[in-house]
Amino acid sequence: MGQPWWREGVLYQIYPRSFADANGDGVGDLAGITAKLDYLQWLGVAGIWLNPINPSPNVDWGYDVADYTDVHPDLGSLADVDRLVAEASRRGIRVLIDLVPNHTSNQHPWFRERPDFYVWADAVPNNWQAIFGGGSAWALDEERGRYYLHNFAKEQPDLDWWHPEVRGEFERILRFWFDRGIAGFRIDVAHGLIKDRELRDDVGSERVHSMNRPETHEVYRGWRRLADAYEPPRVLLGEVYVLDIPAWAGYYGSGSDELNLAFNFALVHADLDAEQMRAVVSATEAALPPDAWPCWIGSNHDVGRLTTRWCRGNEALARCALLMLLTLRGTASLYYGDELALPDGHVSPEHVRDVAVPSRDPCRTPLPWTGEGGWENPWLPLEDTSRNVEDQRADPGSTLHFTRDVIALRKESVDLRSGPYAELPAPPSTLAWRRGNGTVVAVNFGSGTAEIESVEGAIALATDRERQGESVGGRLRLGPAEGAVVQR
Ligand code: NOJ
């Protein structure tokens, strides 16, 4: 029996407002995603995950949910979800959605009708700090004369996960979407749900009591039982924003009883530097329990695009980074546009829509489908369309074709899909590793030529497309910003 689809396949993150706009109102929508499924199938991804699609006042663009079981009218309707799931399934693509269980919008009916679902204090009880807006994470509710907790914006009150009915509501929400054919959830702030029962102070800048409580693991054990009871089992993918690798690995539980996948933010936070990357990968491999499976990203809607953050716009380096993400042991999740080596967009101050400072809008700009962009009056500006889908699709030497070919190679190769990882000796600025018995991957992030010893076989795929098919007899030479997969 093969491995589950989410281990072998590649995921693709879609920021729905910026992916594709079917009704021409300048805001991407679910029908737009459905209309682009042929593109995603051509690219070869196995699953897509969507940033929040629920009704929301959009203080934090969907991360302030006002109704967990409906769809924001800007994006479509439940019928559009059903169509997307059905059309995606016809193309072998699964659909995951974002679940925001840590907090709701202050416009969610619960905030007025079920105040007991939230975390309250008569006076500011501790030093917890809000992530947006700065200052205390406690805000006075004038009507009640009490303070509520908001780890993020003041319009995002935190739920009280000690409350059994809150847990019950979320089990209902999970079932609602699983029953509709949703393949799984990306779980927002997955490490944050439970707050310290005694509301003790955080320690320095470490969120040891406002988040990261060990009792959260029990919640995921319950969700995993629920997700595993479906056929096929549904997937839990956590935004576990924990940089301490052993603590992060704890969210996989025994390896098969908590989250199926957790984004690896230690890698995101590393520079595109061979030493730093090697250290993260090796610590990750050492920390994960035997049945657990890593999940690699280089970009998302918060941290920015890898082409800008890691590669300062350099397309050759972006190919090296993509090659690394897609061939390490684990599942890679690409962010829409990564496949084009799309850099962050430019959003001038008067166009900023984000609540966070600095704004995350530059990595949320519309996907350029054509040289003209393919958008009318988009909700965020689209200025640079030099890297666009149409042009790159027409050019077999493009990064888009490169990404597609790496995904295809991964599909063909048992080593790349499921083979164990073994670090190989490599010169400075260079990373090399073996997958399974017959596959070696090497990337050179440096500006000089590098030579990796004891590599035998033929180049199955390289960032320099001219090199494919070259045979390698003991020594693999890589130019600056070059990477290759060698198969025996
Ligand atoms: C993490 C999400 O990725 C981010 O966009 C959001 O602002 C916070 N969680 C709060 O929900």
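In this predicted model, V189 counts as buried at 3% relative accessibility. The backbone of V189 is worth a look too, since phi is positive, about 45 degrees, although V189 is not a glycine. V189 is found in the loop between β7 (184–187) and α8. A second case of this kind is N377, a residue other than glycine with phi near 40 degrees. N377 lies in the loop between β11 and α14, and counts as exposed at 70% relative accessibility. For context, most residues other than glycine have a negative phi, and most peptide bonds are trans.

Peptide geometry offers further points of interest. E231 and P232 are joined by a cis peptide bond with omega of about -5 degrees, and P232 is found in the loop between α8 (216–228) and β8 (235–238). Another cis bond runs from V357 to P358, with omega near -5 degrees. P358 is placed in the loop between β11 and α14. A further proline, P16, belongs to helix α2 (residues 16–19) and is buried, with a relative accessible area of 3%. From P16 to A484 the separation is 468 residues in sequence and 33 Å in space, C-alpha to C-alpha.

Turning to charges, a search of the whole structure finds 38 salt bridges. In general, side chains of opposite charge can pair when their charged atoms come close. One such pair is R114 with E165, whose closest N and O atoms are 3.0 Å apart. This pair links distant parts of the chain, with R114 in the loop between α6 (109–113) and β4 (120–121) and E165 in helix α7 (residues 164–179), 51 residues apart. R114 is partly exposed, with a relative accessible area of 26%, and E165 is partly exposed at 41%.

R364 and D302 also meet through their side chains in a salt bridge, at 3.3 Å from N to O. R364 lies in the loop between β11 and α14 and D302 in the loop between β10 (295–296) and α12 (306–309), so the pair ties together parts that are 62 residues apart in sequence. R364 is buried, with a relative accessible area of 1%, whereas D302 counts as partly exposed at 24%. Both residues belong to a network of salt bridges that links D60, D302, D354, R360 and R364.

Between strands, R477 forms a salt bridge with E451, the closest N and O atoms being 3.3 Å apart. Since R477 lies in strand β16 (residues 471–478) and E451 in strand β15 (residues 450–462), the pair ties together parts that are 26 residues apart in sequence. R477 is partly exposed, with a relative accessible area of 48%, and E451 likewise counts as partly exposed, at 30%.

R7, in helix α1 (residues 5–8), makes a nice contrast. R7 is buried yet has no salt bridge, and the nearest side chain of opposite charge, D291, is 6.0 Å away. The side chain of R7 does, however, reach the backbone oxygen of D291 at 2.5 Å.

Finally, a negative surface patch is formed by E372, E390, D391 and D395. Within this patch, E372 is placed in the loop between β11 (331–335) and α14 (389–393). E372 is exposed, with a relative accessible area of 72%.

Note on methods. Residues numbered from 1 in each chain as written. Predicted model: local features only at pLDDT ≥ 70, side-chain atom pairs only at ≥ 80, totals over all residues. Heavy atoms only, no water. Patch = residues over 30% accessible without salt bridge, like charges linked within 9 Å, V, L, I, M, F, W, Y side chains within 5 Å. Areas by Shrake-Rupley, 256 points an atom, 1.4 Å probe, with all protein chains shown as cover. Salt bridge = Lys/Arg side-chain N within 4 Å of Asp/Glu carboxyl O. Lys, Arg positive; Asp, Glu negative; His and termini not counted. Charge placed at Lys NZ, Arg CZ, Asp CG, Glu CD. Helix = DSSP H or I, 4+ residues; strand = E, 2+ residues; numbered from the N terminus. Buried < 20%, exposed > 50% of the residue type's maximum accessible area, 1.4 Å probe, protein only. Polar contact = N/O pair within 3.5 Å; in protein donor to acceptor, adjacent residues only side chain to side chain.
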